[in-house]
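Please open the model in a viewer and keep the sequence panel beside it. The stops below say what to select next and what is there.

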Amino acid sequence: MKISKRQKIVIYTFLVWAIVCSIYRVFPYFSSMIPLGYDPGVYRGIYTAYLHLAPRFHFGQTVPYWIMHEPLRGILSVVVSKLWISIDIFLTFWLWFFSIFGWFLVFLILKKYNKRAALFAMMLFWTSIIQYHAFALCYYKQILGIDFILLLLYLRDHKKYRTSLPFLICLVLLHRTTTIFLGATSFLYIVFQFITTKKINFKFISLWMISGIVWISLYGPLFPRLITDFFQPLVTTIWGAGIQGDFFSLKEFRRFTMFLIIPTLYGLYLKIKNKEYDLLFSGLVIGICWTSFGLLNAKRSELFLDVFMILMTWYTIYFIIKQKKRRLRSLIYLGVFLQMMYYIWYVSNNNTPLITVGELTSITTLQNIIPTSGIVVGTDSYLSPWIVGYANRDRITPWLSDMNKWTHTQRNQRWPMNGAGKCKMFEVYKNLHRPLYMRESKLFRIEDISWGTCFKLIREDNYHKLYQIILP
């Protein structure tokens, strides 16, 4: 199909804007290497823990319980270190690379149908606020999971089953939520194909069977940690425990995808009308059901729904271009332009790290103050990820340390207590026979230590007070 000069100008303009947007999101790292979200601290802590265990890898005994479900991430940590890649670079610029890699995969998947429509899909993916938010929060596994989904869609479309196998195995070993989502999508696709064609794609099914066998061989010994705890929210409730997690609410999700809703619904209508029950159709249906019913990790599954909404929007754009509907094509240009402006506005207001350079520096210097046998106690869960990643000392933090002996209820009871009551609670750690140090940030929640005879102030700066906890 011949493209007019005016259409070329519009497309090239959008592409230039897309490139500008892609660079814009990584600008904060040129002035500061502090990652934007919470997760980098946790990733850095896992990296350090596995690196210390590298000479004696044995998942069942030496790996701390809080990271026992991450053996592949542990292996990657060792590989990254052997390649002399800085973990801080890996958590910033490499994350940026993987987050834009999906941009090119979208184009590869769709270009054989219509290059213009594929370009618009690329731009919608790159200016997606949902995808940017995952980048800003450093949801590394979700970002890689989306890359794997797009790559597997591309290979499935070209019927390259053998090539797909190693990538599917990597996905299965890397991220459970993405695997379950793609597995549910594949299952629904197989059902639709059987109903409409009375045929079963055994090559496609065999990919999942082989990947499942590999998964069981590596993760089988960790079944209670991986499966029982992981599926509890799913089997106990919907619209409840499974919907927890840091991401957008459904109302926010609808607001940030408002330019995709109508073309997505129209594309869904076209798929049903043409009886095209493919993986795109199945993925969108699964995504809508998953997030609407609040199933397992429903909030973070919005990332997958967003991807399939973009792909379905492409299908609508492809139909409009094919039918030469000029007025609707003008609406497409307007919609993409508005999405870009919306994206730039959102990024400009959310591309600031959640911690200052001074606060992070004060946490990093703990390793120079506290002896190697010392244990850090954080007073605010907000700062826990950075203590995990940058203090380089054992710590007592909820969910991020095997040393934590307080339940969630006990931690809530601890806050209103004065210092005397808190000293009493700390006695549970007396049998560790290791020095305890409590870091109280001056910029966040202040700790009440009145009448607390066990607290000895040993250091104070502009950002924190550091107490040694001396138990009788």
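## A charge over a ring

Select Arg 25 and Trp 126: Arg 25 lies over the face of Trp 126, at 3.6 Å from the ring centre. A charge counts as sitting over a ring if NZ of Lys or CZ of Arg is within 6 Å of the ring centre and within 35 degrees of the ring normal.

Before going on, note that this is a predicted model, in which local features need pLDDT of at least 70 and side-chain atom pairs count only at pLDDT 80 or more, while totals for chains, interfaces and linings use all residues. Residues are numbered from 1 along each chain as its sequence is written, and side-chain values use heavy atoms, with hydrogens and water left out.

## The second largest cavity

Keep Arg 25 and Trp 126 selected, and add Phe 98, Ser 99, Phe 125, Gln 131, Ala 134, Ile 143, Ile 146, Asp 147 and Leu 303; together they line the second largest cavity. On a 1 Å grid over the protein atoms alone, a cavity is a set of points where a 1.4 Å probe fits but cannot get out, and lining residues have an atom within 4 Å of a point. This cavity holds about 90 Å³ of space; grid points are joined across faces, edges and corners, and a volume is the space filled by probe spheres set on the points.

Now colour the elements around the second largest cavity. Helix 6 (93–110), helix 7 (115–126), helix 8 (129–136) and helix 9 each give two or more residues to its lining. Helix 9 gives the most, with three residues. Helices (H or I, at least four residues) and strands (E, at least two) are DSSP runs, numbered from the N terminus.

By class, the lining of the second largest cavity has seven nonpolar, two polar and two charged residues. Ala, Val, Leu, Ile, Met, Phe, Trp, Tyr, Cys and Pro count as nonpolar, Asp, Glu, Lys and Arg as charged, and the others, Gly among them, as polar.

## The largest cavity

How many cavities of 30 Å³ or more does the structure hold? There are three, and the largest has a volume of about 140 Å³. Select Leu 152, Arg 156, Leu 182, Phe 204 and Trp 208, which are the closest to its centre of the 13 residues that line it. Helix 9 (140–157), helix 10 (161–174), helix 11 (176–197) and helix 12 (202–219) each give two or more residues to this lining. Nine of the lining residues of the largest cavity are nonpolar, two are polar and two are charged.

Two of the selected residues form another charge-over-ring arrangement: Arg 156 lies over the face of Phe 204, at 5.7 Å from the ring centre.

## Aromatic rings

Show the aromatic side chains. The structure holds 42 aromatic pairs; rings of Phe, Tyr and Trp (its six-membered ring) pair if their centres lie within 6.5 Å, and planes under 30 degrees apart count as stacked, over 60 as edge-to-face and the rest as tilted. One cluster linked by ring pairs includes Tyr 132, Phe 135, Tyr 139, Phe 247 and Trp 345.

## The strands

Select strand 3 (residues 436–441), where six of six residues are buried (under 20% relative accessible area, with exposed over 50% and partly exposed in between; 1.4 Å probe, protein chains only). Leu 436, Met 438 and Glu 440 point one way, and Tyr 437, Arg 439 and Ser 441 the other way. In a regular strand the side chains alternate between the two faces of the sheet.

Add strand 1 (residues 375–378), which runs parallel to strand 3 and is joined to it by four bridges; two strands pair if DSSP finds at least two bridges between them. Gly 378 has Arg 439 in strand 3 as its bridge partner. Next add strand 5 (residues 464–469), which pairs with strand 3 in the antiparallel sense over six bridges. There, Met 438 stands opposite Tyr 467.

Return to strand 1, which also pairs with strand 2, in the parallel sense over three bridges. Val 377 stands opposite Ile 396 in strand 2.

## Two loop residues

Asn 392 is in the loop between helix 21 (384–390) and strand 2 (394–396). Its phi is near 60 degrees, a positive value in a residue other than glycine. Finish at Lys 275, in the loop between helix 15 (258–274) and helix 16 (279–292). Phi of Lys 275 is near 55 degrees, also positive, and Lys 275 counts as exposed because its relative accessibility is 64%.

Note on methods: On a 1 Å grid over the protein atoms alone, a cavity is a set of points where a 1.4 Å probe fits but cannot get out, and a pocket is an open set with protein on both sides within 12 Å along at least five of seven lines; lining residues have an atom within 4 Å of a point.
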